[in-house]
Amino acid sequence: MAILTQEGKIQEKWSIKTNILDEGSHIVPDIIDSIQHKFEKQGLDKEDFLEIGMGAPGAIDRKAGTVIGAYNLNWKELQEVKKAFEKEIGLPFFIDNDANVAALGEQWVGAVENNPDVIFVTLGTGVGGGVVAEGNLIHGAGGAGGELGHVTVDFENPITCTCGKKGCLETVASATGIVNLTRRYAEEYAGDAQLKKIIDDGQDVSAKDVFDLAKEGDDLALIVYKNFCHYLGTACANFACTRNPSTIVIGGGVSACRGRLLTERCSKSF
Ligand SMILES: [Zn+2]
């Protein structure tokens, strides 16, 4: 959570623990409590603010201010988020998909210096995306515009994605996707790379382990890394042709693992 000025300057930010117990029913009341507590502590009230904006995973109805199917929050049923905030705090409330608001943030005050054409890709547990075109966030006819994790990039060995399609970017470029690739290439690999030994031992590997090994020059880890870059590079090249953005911003935990090497390798793939 953060308090921002109208220019997008963060005055203060804080976080609370997300309690997903009881079908995620504590999440919204906990956030509201935390805001009210902040107001009390700092002598603020709703007159000091214009509105509240929120990003959430799952399927968002922006007009109704509801969320459904945010499984990592345990929100399987419809959540009346806007109604709860407006009733308890009394400020206008706006909600959108979390990757979309991240794209807007990058475009507004982040990596892009307010350029109106930006694409944001987030590589985490899944792959999220947001597209800002001519200054507007793209939502599309059904609200699923900018779901960049579900463009098809793998035609040779397609894995079924959580969305039901096969060969999505998410199946080869998320943290889980990198583990998928590791298993695939470990099977065909006949050398003596450390990563191969770890897999053959039946030990669990994470995307970070694979990238750390790639950094050390591990043969198999580099094969995985090269293919990950190929898929991500293919997707980004296609996004670039579709929207001609000034910048493609890559964020999320997986990108934090690699930093500059990620951008260098991916751009070399094309
Ligand atoms: Zn998918």
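This passage describes the strands, the zinc site and the two largest pockets of a predicted model.

A convenient place to start is the four-stranded open sheet, whose order is β10-β9-β8-β11 and whose pairing is mixed. Its edge strands are β10 and β11 (247-251), each of which pairs on one side only. Within this sheet, β8 (residues 118-123) and β9 are joined in the antiparallel sense by six bridges, and the two strands make a hairpin with three residues between them. One residue pair in this hairpin is Val118, which stands opposite Val132 in β9. On the β10 side, β9 is linked to β10 by two bridges, again running antiparallel. Here Ala133 has Asn136 of β10 as its bridge partner, while Val132 stands opposite Leu137 in β10. Val132 thus faces a residue of β8 as well as a residue of β10.

How well covered is β9 by the rest of the structure? Seven of its seven residues are buried, so this strand is largely enclosed. In a regular strand, side chains alternate between the two faces of the sheet. In β9, Val127, Gly129, Val131 and Ala133 point one way and Gly128, Gly130 and Val132 the other, and all of them are buried. The turn that follows offers a contrast in exposure. β9 and β10 form a hairpin with two residues between them, and Glu134, in the loop between these strands, counts as exposed because its relative accessibility is 63%, where the cut-off is over 50%. The backbone of Glu134 is also worth a look: phi is positive, at about 50°, although the residue is not a glycine. Most residues other than glycine have a negative phi.

A second open sheet contains three strands in the order β4-β5-β6, with antiparallel pairing. Its edges are β4 and β6 (79-80), each pairing on one side only. Strand β5 (residues 66-68) pairs with β6 over two bridges, and Thr66 stands opposite Glu80 in β6. The loop between β5 and β6 holds Asn74, another non-glycine residue with a positive phi, in this case near 70°.

Elsewhere, β3 and β7 run parallel and are joined by five bridges. Ala56 stands opposite Asn97 in β7. Strand β7 is mostly covered, with four of its five residues buried.

The zinc site comes next. Which protein atoms serve as donors of the zinc ion? They are ND1 of His150 and the SG atoms of Cys161, Cys163 and Cys168, at 2.0 to 2.4 Å from the ion. The angles subtended by the four donor atoms run from 105 to 120°, and the arrangement is tetrahedral because all of them lie between 85 and 135 degrees. For comparison, the ideal angle for four tetrahedral donors is 109.5 degrees. Along the chain, the donors follow the spacing H-x10-C-x1-C-x4-C. His150 and Cys161, 11 residues apart, both sit in the loop between β10 (136-137) and α5. His150 is buried, as is Cys161.

Turning to the pockets, the largest has a volume of about 2,100 Å³. Its lining comprises 50 residues, with Leu4, Ile52, Gly53, Met54 and Gly55 lying nearest the centre. Elements that each supply at least two lining residues include β1 (2-4), β2 (10-13), α2 (27-42), β3 (52-56) and α3 (81-88). β7 (93-97) and α4 (98-109) also do so, and α4 gives the most, with seven residues. By class, this lining has 29 nonpolar, 11 polar and 10 charged residues.

The second largest pocket has a volume of about 1,100 Å³. It is lined by 40 residues, and those nearest its centre are Pro57, Gly58, Val127, Glu147 and Glu170. Val127 is also one of the buried residues of β9. At least two lining residues come from each of β4 (59-61), β7, α4, β9 (127-133), α5 (170-173) and α6 (175-188). β7 and α4 therefore contribute to both linings, given that each supplies at least two residues to either pocket, with elements taken as DSSP runs. The residues lining the second largest pocket divide into 11 nonpolar, 24 polar and five charged.

Methods
Residues are numbered from 1 along each chain as its sequence is written. This is a predicted model: local features need pLDDT of at least 70, side-chain atom pairs count only at pLDDT 80 or more; totals for chains, interfaces and linings use all residues. Side-chain values use heavy atoms; hydrogens and water are left out. On a 1 Å grid over the protein atoms alone, a cavity is a set of points where a 1.4 Å probe fits but cannot get out, and a pocket is an open set with protein on both sides within 12 Å along at least five of seven lines; lining residues have an atom within 4 Å of a point. Grid points are joined across faces, edges and corners, and a volume is the space filled by probe spheres set on the points. Ala, Val, Leu, Ile, Met, Phe, Trp, Tyr, Cys and Pro count as nonpolar, Asp, Glu, Lys and Arg as charged, and the others, Gly among them, as polar. Buried means under 20% relative accessible area, exposed over 50%, partly exposed in between (1.4 Å probe, protein chains only). Two strands pair if DSSP finds at least two bridges between them. Donors are N, O and S atoms within 2.8 Å of the metal (3.2 Å for Na, K and Ca); water is not among the atoms, so sites may look incomplete. Four donors count as tetrahedral if all angles lie between 85 and 135 degrees; four count as square planar and six as octahedral if opposite donors are over 155 degrees apart and all others between 65 and 115; anything else is irregular.
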